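Q: Please give me a close look at one part of the model shown below, and then relate that part to the rest of the chain.

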Amino acid sequence: MANSGNSGSLKNIIEKFIRQFKDSRQAKIFIFLGTIGVFFLTLLLAFPNKSYNNRPIRPVKGVQLEKSFSNRAGFQKREDGLKSIANIKEDVEEILKVRIPVYALNVNGKDLAVFKTKDEASNLLDDIVKPFTQDEEAKIEEIGFKENTKIVKKLVGAEKFAENLEYGEILDYITKGTKETKIHKMQKGENYWVIAQKYKINPDDLIKANPGVKPETLQIGQEISLVVPKPLITVVTKEIMEYNEEIAYETKYEETEVLYKGEVRVKMAGEKGEREVKAKINKENGIEIERSILEEKIIAEPTTKVVLKGTKNPPPKIGTGKLAKPTSRGILTSPFGWRWGRRHSGIDIGIPTGTDVKAADGGKVIFSGTKGGYGKCIIIDHGGNVNTLYAHNSELLVKKGTKVFKGQIIAKSGNTGVSTGPHLHFEVRKNNTPVNPAKYVKY
Ligand SMILES: [Zn+2]
């Protein structure tokens with residue numbers, strides 16, 4: 001402080017005075033000195049905020065002294081016209097206190113920061129709300145703070161102002177609620193999910209930690225904050241947004257005698273519709289709190305999905321003694337018998353992967369699983385020592401032990417096991433010996 005030299009010497013005089021006064025032998029001398037002291041201070045009272053010892057008492061550079069300074073520094077006179085030592089001491093300390101006007105950001109009655117100028121304080125408020133007003137697609141209708149927030153002009157001790165943080169630090173502290181910083185530089189192949197997992201933080205918190213950053217537009221080398229904010233102030237925005245959204249389709253079931261009970265078939269695929277929406281969205285620190293639809297216009301109605309549901313009683317789940325074709329389409333690509341020096345134990349039916357594979361007759365599933373070169377395979381026992389085998393499937397739909405009826409879909413065809421392309425390998429076995437399926441089914 002500029003006036004510290006003055007105050008130091010004045011303080012010394014008074015302290016010396018008090019020390020010496022305690023020595024009763026020299027009391028008379030000290031009463032005399034005291035009188036001089038009172039004279040001095042009376043002078044000071046006459047020229048309170050101007051000078052002392054012909055030297056000006058200067059305010060702190062760049063700040064104004066409080067207007068009421070002179071009144072505060074005024075001495076209370078005792079009735080006998082003399083001032084007590086304690087009063088003198090208090091008065092002097094009061095003079096030494098320099099109070100300066102500041103603009104405090106007051107949130108719910110608590111000063112979070114003080115600034116030299118009102119502009120600086122209002123700039124801070126602008127900078128706090130800035131990240132939440134960046135969405136170009138939204139029209140901000142209203143912006144404010146959840147907390148009772150105001151800029152208050154007040155007087156504080158100079159020493160308090162000296163403790164104040166830099167502008168950037170204040171902004172960081174108020175928006176994050178902490179002075180901690182932790183940054184991650186985006187690497188190739190990283191996104192919020194990867195970062196969240198790496199640092200064991202919630203992806204939602206990562207979004208909160210980086211307001212104004214669009215996760216889908218992150219660039220390699222971009223720095224993101226890992227500090228989950230607990231802001232000391234809540235920015236409330238009310239936005240109007242216009243956007244298009246999908247309308248889900250409904251699913252309707254129609255009964256049909258064409259299908260067996262338990263069987264379903266899609267008659268008509270559903271199609272999503274689309275609507276234009278105008279909505280009001282309330283957000284707190286960028287997080288949606290409430291959404292109300294103001295207007296909506298249907299652009300395309302959705303198309304209902306229609307599913308057929310079978311009502312026909314299934315045939316008995318026993319062998320009928322007559323085999324049917326295991327697929328409703330497909331061509332014979334390899335017959336039963338000798339082929340390239342090896343005996344082919346069944347017939348190959350060329351069909352695209354995913355084609356329905358049906359039980360050739362009613363019976364009981366005695367194998368369902370992967371079987372060496374057969375790949376995903378099913379074997380059905382029809383009774384009378386007749387079995388059928390279905391190989392190279394992509395998907396098995398019945399388990400071992402299940403009783404099936406003739407024509408029931410038991411698998412989806414495929415290309416698993418030792419197979420050179422999508423097809424069904426179909427075998428008929430009598431007394432565990434493969435026989436020519438062409439004797440039973442025609443392709
Ligand atoms: Zn084969």
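The part in question is the zinc site: which protein donors hold the zinc ion, and where do they lie in the chain?

A: The model is predicted, and the account below starts at the zinc ion before turning to other parts of the chain.

The protein donors of the zinc ion are three: His344 through NE2, Asp348 through OD and His425 through ND1, at 2.0 to 2.2 Å from the ion. Along the sequence, these donor residues follow the pattern H-x3-D-x76-H. Distant parts of the chain are thereby linked, since Asp348 belongs to strand S18 (residues 347-350) and His425 to strand S26 (residues 423-430), 77 residues apart. Both Asp348 and His425 are buried.

Just beyond S26, the loop that leads to strand S27 (433-435) contains Asn431. Asn431 is not a glycine, yet its phi is positive, at about 50°. In contrast to the buried His425, Asn431 is exposed, because its relative accessible area of 55% is over the 50% cut-off.

A comparable case occurs at Asn385, in the loop between strand S21 (376-381) and strand S22 (386-393). Its phi is likewise positive, near 60°, in a residue other than glycine. Asn385 also counts as exposed, with a relative accessibility of 53%.

Between the positions of Asp348 and His425 in the sequence lie several strands, among them S19 (residues 356-358) and S25 (residues 409-412), which run antiparallel and are joined by three bridges. Within this pairing, Lys358 has Ile409 of S25 as its bridge partner. S25 also runs antiparallel to strand S23 (residues 395-396), to which two bridges join it. Here Glu395 is the bridge partner of Lys412.

Elsewhere in the chain, an open sheet of mixed pairing consists of three strands in the order S10-S14-S11. Strand S10 (251-260) and strand S11 (264-268) each have a single partner strand and stand at the edges, so one side of each lacks a neighbour in the sheet. From one strand to the next, the twist averages 35°. Seven bridges pair S10 with strand S14 (residues 305-312) in the parallel sense, and Glu254 stands opposite Leu308 of S14.

The largest pocket holds about 630 Å³ of space. Of its 24 lining residues, those nearest the centre are Asp135, Gly212, Lys214, Lys283 and Gly286. Helix H9 (203-209) and strands S9 (235-247), S12 (273-284) and S13 (287-300) each supply at least two residues of that lining. The largest share, three residues, comes from S13.

Helix H7 (residues 167-176) carries buried residues at Ile170, Ile174 and Lys176. Their cover includes strand S3 (99-107), strand S4 (110-115), helix H5 (118-129) and strand S8 (223-225). Gly177 follows H7 and has a positive phi, near 75°.

For the protein as a whole, there are nine helices and 27 strands, and 33% of the 443 residues count as buried. Among contacts with a separation of 6 or more, 67% are between residues 24 or more positions apart. The zinc site offers an example of distant parts being linked, with Asp348 and His425 lying 77 residues apart.

How values were computed. Residues are numbered from 1 along each chain as its sequence is written. This is a predicted model: local features need pLDDT of at least 70, side-chain atom pairs count only at pLDDT 80 or more; totals for chains, interfaces and linings use all residues. Side-chain values use heavy atoms; hydrogens and water are left out. Two strands pair if DSSP finds at least two bridges between them. Helices (H or I, at least four residues) and strands (E, at least two) are DSSP runs, numbered from the N terminus. Axes are lines fitted to C-alpha atoms, for helices over the stretch in contact, and angles run from 0 to 180 degrees between N-to-C directions. Buried means under 20% relative accessible area, exposed over 50%, partly exposed in between (1.4 Å probe, protein chains only). Contact means heavy atoms within 4.5 Å. Donors are N, O and S atoms within 2.8 Å of the metal (3.2 Å for Na, K and Ca); water is not among the atoms, so sites may look incomplete. On a 1 Å grid over the protein atoms alone, a cavity is a set of points where a 1.4 Å probe fits but cannot get out, and a pocket is an open set with protein on both sides within 12 Å along at least five of seven lines; lining residues have an atom within 4 Å of a point. Grid points are joined across faces, edges and corners, and a volume is the space filled by probe spheres set on the points.
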